[in-house]
Amino acid sequence: MKAVAYSIRAFEKEFLAKANQKKHDITLISNPLNVDTAAYAAGKDAVIVFTNDDVSETVIDKLAALGIKYIVTRSVGTDHIDKETASKYGIKLSNVPSYSPKAIAEHAVALAFALNRKLIKADHKTHHFDFRNDELIGFNFWGKIVGIIGLGDTGREAAKLFDGMGCRVIGYDQSIIDDVPFLSRVSLDDLLAASDIISIHLPLTLQTHHLLQTSTIDMMKRGVMLINTSGGGIINTPDVLTALDNGLIGYLGLDVYEFEKGLFFEDHENDLVKDPLLSDLLRRDNVIITPHQAYLTREALQEIADQTIKKLDMWQQNKCAEDTCTCDKNCGHTATKQSSAIL
């Protein structure tokens, strides 16, 4: 099968080459997919994309005109793809629904640790030979109540890690109903009211968009720690800023940002005008933001590459992508334990 992969970073090449084993003719380009770069798909059967690619109606119109039959995204999230337009042209879609959920869960816990023990401030002070520790007081995780929103693969791994630190873990998920070890299931309202730490592990969908906004934030404990390694749009950023200002949210750790498209994965250091909301967040000592790197381990990168190539293998054999199918009609398949981090 002939394919073109957009938004390829240099470090991805070795993993894709290892997964592909020269089975498919794949052109790797660093350019993101958009209206102007869609032409690179000429003569190809499939397009491989990432979350920062433009897979909107206009772009899919162009891809369909070029004969593209398949689109696979190297991510869990598919909100960047216009599924309805793809369905209109009969273009098959697939994603990578689970890839090393441990990597995402470990990053969520790392953010919680760094926030609690004020590691960024401590490191900064030490680099300036200021060894006073008056402003570095944290708390013990032991005995704290941790609320996990989203009980897919990643949420379960996060629950396991927090449980191992002696936390009391509670969880909420509207769609996954089977029993989950290491936690007690509660309603969303009860989770928000009881938790000292809240970690989000949900896919970003129309239903989860702005799940956390003023009305739900007001239910939380004062000084709560909020961690999001999933979809930026799950929280309403202006509402979170207000909650940081009034002390309702005491700590905020983000690996995703509501308005990260066209911003994350690129160097904007020399931009004359910078995103005002993000700038407001970054000036705060009780906020840590990482650049969508929770998935960025060697194990996860290889799993992403392996699953991406597996989709091409299946399509080449005229097989459905099964539970990784994300077509508009989903071909009758549903992933029941979707990993929640949105790449």
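**Aromatic pairs and the surroundings of helix 9**

There are 9 aromatic pairs in the structure, which is a predicted model. One of these pairs brings Phe50 together with Tyr295: the ring centres are 6.3 Å apart and the planes make an angle of 50°, a tilted arrangement. Phe50 comes from the loop between strand 3 (46-49) and helix 2 (57-65), while Tyr295 comes from the loop between strand 12 (287-289) and helix 11 (298-316), so this pair ties together parts that lie 245 residues apart in sequence. Both partners are tucked away from solvent: Phe50 has a relative accessibility of 2% and counts as buried, and Tyr295 is buried too, at 3%.

A further tilted pair is made by Phe139 and Phe141, with 5.5 Å between ring centres and 55° between planes. Phe141 is buried, its relative accessible area being 6%. These two rings belong to one aromatic cluster, together with Phe113 and Tyr251.

Back at Phe50, there is also a charge to consider: the charged end of Arg9 sits over the Phe50 ring, 4.8 Å from the ring centre.

Turning to helix 9, which spans residues 237-245, the buried residues are Thr237, Asp239, Val240, Leu241, Ala243 and Leu244. Their cover includes helix 8 (214-217), strand 11 (249-254), helix 10 (276-282) and strand 12. As for the ends of helix 9, at its start a side-chain oxygen of Asn236 comes to within 3.1 Å of the backbone nitrogen of Asp239. After the helix comes Gly247, with a positive phi near 85°.

Conventions:
Residues are numbered from 1 along each chain as its sequence is written. This is a predicted model: local features need pLDDT of at least 70, side-chain atom pairs count only at pLDDT 80 or more; totals for chains, interfaces and linings use all residues. Side-chain values use heavy atoms; hydrogens and water are left out. Rings of Phe, Tyr and Trp (its six-membered ring) pair if their centres lie within 6.5 Å; planes under 30 degrees apart count as stacked, over 60 as edge-to-face and the rest as tilted. Helices (H or I, at least four residues) and strands (E, at least two) are DSSP runs, numbered from the N terminus. Buried means under 20% relative accessible area, exposed over 50%, partly exposed in between (1.4 Å probe, protein chains only). A charge sits over a ring if NZ of Lys or CZ of Arg is within 6 Å of the ring centre and within 35 degrees of the ring normal. Contact means heavy atoms within 4.5 Å. A polar contact is a pair of N or O atoms within 3.5 Å; within protein, one must be able to donate a hydrogen and the other to accept it, and residues adjacent in sequence count only if both atoms are side-chain atoms.
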